[in-house]
Amino acid sequence: MKLLPQGSRGYALLMMILFSIAAIATKEVIDFVADRISAVGQDDSLAREIGMAIWLLTMGLMFLAGALGLLAVSAVAERESRHRIAHIVNSMNHIADGLLAVDYDGIIMAANTSLRKMLIGSKKRKLTEAFPLLNEHDLKRLLDRHIPAEIETECLHNSNARVLRLRSQPAEG
């Protein structure tokens with residue numbers, strides 16, 4: 001996943017504008033506090049310390065809000081991307097080979113008609129339930145977020161020997 005998904009550039013611009021507004025508002029509050037402290041006859045160092053505390057607190061909270069906002073935008077973009085991929089896989093009825101999409105936990109999110117004919121039952125089940133011949137090592141290789149993998153093994157399907165070939169292509173890759 002990229003640091004800043006394309007759909008979040010507008011959000012980043014909005015955050016920069018909000019940071020600027022917050023900086024101006026914080027400066028005004030600091031000046032107001034400094035004027036009040038000076039009017040009371042207190043030392044300017046107290047005004048500077050209070051002003052710095054206000055500034056740091058405000059900017060810290062704004063940066064935290066911005067980071068959480070970008071994280072939320074990124075998560076939503078990734079989720080929407082996975083739903084689009086699942087829809088594409090579900091609609092690939094013309095392909096004779098089985099095609100499926102899984103999440104990073106190994107849950108089958110979508111399957112084309114060819115694979116659904118082989119897999120009887122709910123489509124939202126674990127990859128290891130659908131293909132019990134997969135061991136933990138194979139599953140880890142297939143679910144790796146960065147490296148494509150291919151696993152090939154022979155199996156029986158309807159009393160016929162078949163070659164089962166599972167390939168993975170990470171969404172971020």
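A nonpolar patch on the surface of this predicted model is formed by L13, L14, M16, I17, L18 and I21, which together have about 550 Å² of accessible area. Patches are made of residues with over 30% relative accessible area and no salt bridge, with like charges joined within 9 Å and nonpolar side chains (Val, Leu, Ile, Met, Phe, Trp, Tyr) joined within 5 Å. Accessible areas were computed by the Shrake-Rupley method with a 1.4 Å probe, and for residues only the protein chains shown count as cover. One member of the patch, L18, is found in helix α1 (residues 9-40). L18 counts as partly exposed because its relative accessibility is 36%; buried means under 20% relative accessible area, exposed over 50%, and partly exposed in between (1.4 Å probe, protein chains only).

The model is a prediction, in which local features need pLDDT of at least 70 and side-chain atom pairs count only at pLDDT 80 or more, whereas totals for chains, interfaces and linings use all residues. Residues are numbered from 1 along each chain as its sequence is written, and side-chain values use heavy atoms, with hydrogens and water left out.

The protein has five helices and four strands, arranged from the N terminus in the order α-α-β-β-α-α-α-β-β. Helices (H or I, at least four residues) and strands (E, at least two) are DSSP runs, numbered from the N terminus. Of the 173 residues of the protein, 27% count as buried. The accessible surface comes to about 12100 Å², and carbon and sulfur atoms contribute 61% of this area. Among contacts in the protein with a separation of 6 or more, 37% are between residues 24 or more positions apart, a contact being heavy atoms within 4.5 Å.

Side chains of opposite charge can pair when their charged atoms come close. The count comes to four salt bridges, each defined as a side-chain nitrogen of Lys or Arg within 4 Å of a carboxyl oxygen of Asp or Glu. R165 and E150 meet through their side chains in one salt bridge, at 3.5 Å from N to O. R165 lies in strand β4 (residues 160-168) and E150 in strand β3 (residues 149-157), so this pair ties together parts that are 15 residues apart in sequence. R165 is partly exposed, at 42% relative accessible area, and E150 is also partly exposed, at 38%. E150 forms a salt bridge with R167 as well, with the closest N and O atoms 3.0 Å apart. Here R167 lies in strand β4 and E150 in strand β3, so the parts tied together are 17 residues apart in sequence. R167 is exposed, with a relative accessible area of 60%. A salt bridge also joins the side chains of R165 and E152 (2.8 Å, N to O). This pair links R165 in strand β4 to E152 in strand β3, 13 residues apart. E152 is partly exposed, at 49% relative accessibility. E150, E152, R165 and R167 are thus linked in a network of salt bridges.

The largest pocket has a volume of about 1500 Å³. Its lining comprises 45 residues, of which G98, L99, L100, L166 and R167 lie nearest the centre of the pocket. Two or more lining residues each come from α2 (44-90), β1 (100-102), α3 (113-118), α4 (127-130), β3 and β4. On a 1 Å grid over the protein atoms alone, a pocket is an open set of points where a 1.4 Å probe fits, with protein on both sides within 12 Å along at least five of seven lines; lining residues have an atom within 4 Å of a point. Grid points are joined across faces, edges and corners, and a volume is the space filled by probe spheres set on the points.

N158 is placed in the loop between β3 and β4 and counts as exposed, at 64% relative accessibility. N158 and M118 are 40 residues apart in sequence, with their C-alpha atoms 9.5 Å apart in space.
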